[in-house]
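Welcome, and please open the structure in your viewer. We will go from stop to stop, selecting a few residues each time.

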Amino acid sequence: MKGINCNIIKDILPLYVDGVVSDDTKEMVEEHLDRCEECKKEVGLMKQELYIPAEKEASIIKKFKRKWRNKKLIISVVSILLTGLILFGTFAFIFHYDRVVPYTESLIKIETQDDDMLVSHYYGVDYYSVSATHPKTLKIDGKEKNVIFLYYTETIANSPSKKLINRKENRDERDYIFPLDNKENVDAIYYVQFDTRKIFNNGNDWSTLLEDAILIWGK
Ligand SMILES: [Zn+2]
């Protein structure tokens, strides 16, 4: 392999430095480098040139990867939070978004217990809440009457699902009986939704409720 021209070696050197030459070529180049200081210097320079940018590049990639990892982490955390929020919202909606149970005679009955106690008896499968006022003295048709306002609410959850849990044999009827007041303190019971705070802010005038109220019990 004598007489190989430096120019030919220099043409091959980039490939040699990259380590992509065949064993024969590698041998040939190394033989030449043993004898040629100039080409050896060239290799030294090439290696330096190659390695420094390579390291820089690597660190840029690392930085980018780290940044991307952080970004991915943020994305994951945000999506977990969002999922949680949506689940919580759905849960809250299903279990706590209550609406007024429409009154029917067979569903809600006013009964007397222990001879003098008025109670409201719920015959439906389940309800979410029951609200009743103490007797309010209102003028109805020119007469003063002691009136109780009453309403039940239900949620999406407590109609079908509780049906399975509260099968009739497990039902404790006492859970469906809500005590109101002594019979002698009450003249009438009306079914209507009310907002105590709103009424209080409107000068505590309960008579406005009568417009939409259904009379469900009276003396
Ligand atoms: Zn040479």
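Start by selecting Asp-115, which sits in the loop between strand S2 (108-113) and strand S3 (117-122). Helices (H or I, at least four residues) and strands (E, at least two) are DSSP runs, numbered from the N terminus. This is a predicted model, where local features need pLDDT of at least 70 and side-chain atom pairs count only at pLDDT 80 or more, while totals for chains, interfaces and linings use all residues. Residues are numbered from 1 along each chain as its sequence is written.

Look at the backbone of Asp-115: its phi is near 70 degrees, a positive value in a residue other than glycine. Is Asp-115 buried or exposed? Asp-115 counts as exposed because it has 6 C-beta neighbours inside 10 Å. For these words, count the other C-beta atoms, placed from the backbone, within 10 Å of a residue's own: 20 or more is buried, 12 or fewer is exposed, and in between is partly exposed.

Next, select Asp-141, in the loop between strand S5 (136-140) and S6. Phi is positive here too, near 50 degrees, in a residue other than glycine. Asp-141 is exposed, since 5 other C-beta atoms lie within 10 Å.

Now follow the chain into strand S6 (143-154), and select strand S8 (188-191) along with it. Both strands give two or more residues to the largest nonpolar core, and S6 gives the most, with 6 residues. A nonpolar core is a set of buried Ala, Val, Leu, Ile, Met, Phe, Trp, Tyr and Cys residues joined through C-beta atoms within 7 Å. This one has 17 residues, and those with the most contacts inside it are Ile-148, Phe-149, Leu-150, Ile-189 and Tyr-190. In soluble globular proteins, nonpolar side chains tend to be buried together.

Zoom in on Leu-150. Which residues is Leu-150 in contact with, leaving aside its neighbours within four places in sequence? They are Ser-120, Ala-132, Ile-189 and Tyr-191, where contact is defined as C-beta atoms, placed from the backbone, lying within 7 Å. Another core, of 5 residues, lies apart from the largest one, and Ile-9, Tyr-16, Val-29 and Cys-39 are among its members.

For the next stop, select helix H1 (residues 6-18) and helix H2 (residues 23-35), whose axes come within 11 Å and cross at roughly 120 degrees. Axes are lines fitted to C-alpha atoms, for helices over the stretch in contact, and angles run from 0 to 180 degrees between N-to-C directions. H1 and H2 are therefore oblique to each other; angles under 35 degrees count as roughly parallel, over 145 as roughly antiparallel, 65 to 115 as roughly perpendicular and the rest as oblique. To see the contact, show Ile-9, Ile-12 and Tyr-16 of H1 with Thr-25, Lys-26, Val-29 and His-32 of H2.

While you are in helix H2, pick out Glu-30. Glu-30 is exposed, with 11 other C-beta atoms within 10 Å. Its C-alpha atom is separated by 9.4 Å from that of Tyr-16, 14 residues apart along the chain.

Finally, colour the model by pLDDT, the predictor's confidence in each residue, from 0 to 100. The average is 85, and 89% of the residues score at least 70. Among the elements, helix H4 (residues 160-165) has the lowest mean, 52, and S8 has the highest, 97. Zooming out, you have 5 helices and 9 strands in view.

Technical notes:
Two residues are in contact if their C-beta atoms, placed from the backbone, lie within 7 Å.
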